[in-house]
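Here is a short briefing on one model. It takes one chain as a whole, then one residue of another chain.

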Amino acid sequence: MLAFVIRRLGVMLVTALVLTFVVFFLTNLPPNLEKLARSEGSVRMTDAAVVSWLDEHGHSGSVFFRYAEWLGAAPGWVITDEKGVTRGRCIGQRDDPALAPKYCGIFQGNWGISTVFKKTVLFSLGKSMAATGWLMLAVMLVMVPVALVIGVLAGMREGSRTDRVLSTFSIATSATPEYVSGVILVVLLASPATGLSPVLAEWGWLSGKTLFMGTATSAMDNITFWNFGLPVATIALYGVGYIARMTRASMTEVMTQQYIRTARLKGVGFRQVVLRHALRNAMIAPFTVIMLQFPYLLNGVVIVETLFNYKGFGWMLVTAAGNNDIEMLLGASVVAVIFVLVTQLISDIGYVFLNPRIRLG
Amino acid sequence: MSFLTPESGWADMIEPLSWAAIFGMMAKQFWPVWVALVVTFVLSFRFKRRLGLYGKLFDSPVGIIGFALVMFWVFTALFANMIMTFDPLAQLGSVKNPLPGAVVPEGAEVQYKWFLLGGDHLARDVFSRMVMGARQVLIIAPAATTFAFLVGITLGLPAGYIGGRLDTALSFLANLVLAFPVILLFYLLVTPEIRNTGIPVALAAILFLIPIAFFAILFQSRFHTNPKKRNLYVGITLVLGLWAYSGLAFNADPLGVWGMEPNLLNVFVSVVFVNAPTVFRIVRGIVMDIKSRDYVAAGQTRGEKAWYIMLWEILPNARGPLIVDYCLRIGYTTILLGTLGFFGLGVTPESPDWGSTINAGRKLLSMVPHPAVVPALALMSLVLGLNLLADGLREESLKD
């Protein structure tokens with residue numbers, strides 16, 4: 001077990017290094033750097049001025065070496081210009097060049113400064129990840145129980161009418177991506193002109209204009225049911241279908257096992273059979289699915305945060321990408337990649353704990 | 001917003017349509033689709049016992065509904081020119097977001113009297129854009145999925161069958177791509193700047209070569225004992241393949257038949273790139289299961305070559321799950337393309353594809369919902385159809 005985890009961690013580290021290098025390479029392509037020079041320096045720079053600006057700010061030279069600098073595995077660049085002022089990657093505005101550290105990359109905790117948010121990357125990341133954390137937590141609290149209940153109810157009597165109805169529902173939700181369900185939910189529940197809100201307002205049941213709020217910006221400070229309901233429902237709806245279908249498949253398989261028939265023939269009631277005998281074995285497969293669902297959740301988070309203007313990780317990723325904020329994008333990709341890899345690891349380890357028949361070599 | 005005062009004559013006399021009338025007029029507009037659907041269904045039911053898995057699909061109600069939904073959009077895409085009421089890019093009048101059923105102001109190129117499903121913020125007809133969007137989606141999504149499958153199969157077969165170092169290396173690469181958050185990858189790959197660096201063309205050059213290799217090996221392994229036939233089939237593959245390859249990957253087709261806009265190539269390559277590793281993993285898993293069967297051992301004792309066993313013994317026996325996944329994956333690709341459109345990546349702003357239309361419509365969503373809701377429902381029904389179709393196929397293919 002320990003050997004397995006260590007080997008997996010090793011592979012994870014290599015994967016993370018390769019992926020961050022790919023992101024570094026793609027964000028530091030010449031056209032992107034040129035854009036950076038023009039936005040940070042001046043828009044009307046000549047091509048020669050762009051080249052010298054990039055030289056002076058440590059963006060020239062081998063991409064491998066710059067990647068190592070960013071990681072903190074190579075010493076940061078230091079340049080003394082003709083006025084005798086020494087600047088460098090690790091030297092702050094007012095710092096004494098002599099006292100500055102030699103290495104400063106993410107290993108040393110220096111993730112750089114965001115050009116869009118004008119704050120350190122670590123600070124912006126922390127803030128936006130906290131916001132997204134609440135969103136994900138709420139989604140999980142809604143999505144997992146709903147999906148499991150639907151899956152178990154549908155799978156315990158295969159082919160029954162309950163099964164047909166619930167299966168159709170789960171297929172329909174997994175055919176509805178977030179940008180579709182979000183649009184439909186807003187039109188139905190958060191529009192003063194259409195859907196439910198005008199009717200309720202006419203009856204005098206609403207204090208505001210709409211039932212739910214169409215944006216979740218106010219949820220940054222104060223989460224309420226009315227400003228957080230729609231984003232959470234939008235993400236959860238897409239995931240519910242998939243998890244429910246997996247749970248149903250696993251449940252129908254368990255219900256055909258010999259020991260279930262034995263329990264039935266012994267005279268145990270149907271409810272007892274489902275709750276005591278079937279449920280635990282049927283939960284092994286869905287656990288893996290739920291863990292592997294996290295990366296897709298990330299996708300949904302980006303769409304929903306853009307749609308509902310909730311300033312979390314996804315919104316920040318879109319803003320950084322749209323504004324060529326290289327350091328921010330790199331930081332965000334490190335977080336996203338590690339997040340995906342850790343969920344994969346947890347899913348593998350959890351699988352072993354739940355299913356004692358599996359041994360990891 | 002001011003109310004429209006029709007400048008003259010005929011617009012005065014024509015009333016806006018009621019919802020019942022709108023649906024009636026739309027049903028009329030879709031007549032080629034209804035005819036094609038009826039013909040397809042009558043023929044399929046008539047000969048369903050002779051049509052293999054496709055015929056069996058018509059035994060499952062879920063499959064029938066799914067197939068009908070999918071074919072509805074396929075025929076819509078085919079007959080888009082006959083169905084749409086306006087040019088999807090034409091701006092009709094100056095009123096923003098006309099309501100469904102509103103009367104079109106008189107103008108030069110007006111050939112229809114109403115906005116059936118309203119207009120968008122540039123007064124373009126939502127109905128026509130939805131119809132034309134179907135064509136865009138149904139060209140790119142199946143094509144990209146097919147490419148992803150060919151790439152996944154060509155790499156997954158040897159990884160599963162031969163195993164060893166090759167498997168370790170290919171699986172590591174596949175897991176690498178899978179660990180990448182899709183949206184981030186799209187934001188990095190599908191930008192206008194990246195076109196100048198030549199990375200999409202390089203990726204396309206590698207990815208598009210694999211299908212040609214697939215078919216060449218397919219025929220070579222089967223007919224290598226019969227050089228005449230082999231030369232014919234492999235020759236045709238190479239000529240057609242390399243001709244298309246020069247056009248699609250490098251935009252250098254000497255005859256100008258094959259070609260892809262740089263924007264589209266970018267999107268296409270990224271979608272194939274994201275989908276192929278998943279297909280690879282599925283194929284690899286199935287192959288590892290099948291290769292322990294007796295008929296594979298029999299083939300090996302007969303002295304058959306590895307590629308012959310992979311392509312002509314294993315692959316046909318893996319078709320069931322692959323066909324099901326193919327349907328599901330077209331739906332998933334449609335969703336991905338919509339996501340790209342939603343973030344405004346890789347599409348021209350006036351493009352009528354569903355994702356970017358939803359994106360354009362969402363800004364005024366709470367006041368005028370129709371520009372966003374119409375393409376949203378269209379996309380949902382297509383993906384739902386594909387999912388139901390996959391479900392029906394799975395059910396029927398498990399029966400025997």
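**Chain B overall, A:Glu327 in detail**

Residues 24 or more positions apart supply 73% of the contacts in chain B that have a separation of 6 or more. The model is predicted. Chain B has 18 helices and zero strands.

**Chain B: extent and burial**
- The C-alpha trace of chain B spans about 85 × 55 × 40 Å along its principal axes.
- Chain B has 400 residues, and 55% of them count as buried.

**Chain B: surface and charge**
- About 18200 Å² of chain B is exposed.
- Carbon and sulfur atoms supply 67% of that exposed area.
- Chain B carries 29 positive and 24 negative charges.
- The mean positions of these two sets of charges in chain B lie 12 Å apart.

**A:Glu327: place and exposure**
- A:Glu327 sits in helix α14 of chain A, which covers residues 326-354.
- A:Glu327 counts as partly exposed because its relative accessibility is 22%, and the buried class ends under 20%.

**A:Glu327: contacts**
- Neighbours within four places in sequence are left aside here; beyond them, A:Glu327 is in contact with A:Arg89, A:Trp111, A:Gly112, A:Ile113 and A:Val121.
- One of these partners, A:Gly112, is 215 residues from A:Glu327 along the chain.
- The C-alpha atoms of A:Glu327 and A:Gly112 are nevertheless separated by 5.9 Å.

Conventions
Residues numbered from 1 in each chain as written. Chains lettered and ligands numbered in written order. Predicted model: local features only at pLDDT ≥ 70, side-chain atom pairs only at ≥ 80, totals over all residues. Heavy atoms only, no water. Helix = DSSP H or I, 4+ residues; strand = E, 2+ residues; numbered from the N terminus. Buried < 20%, exposed > 50% of the residue type's maximum accessible area, 1.4 Å probe, protein only. Contact = heavy atoms within 4.5 Å. Areas by Shrake-Rupley, 256 points an atom, 1.4 Å probe, with all protein chains shown as cover. Lys, Arg positive; Asp, Glu negative; His and termini not counted. Charge placed at Lys NZ, Arg CZ, Asp CG, Glu CD.
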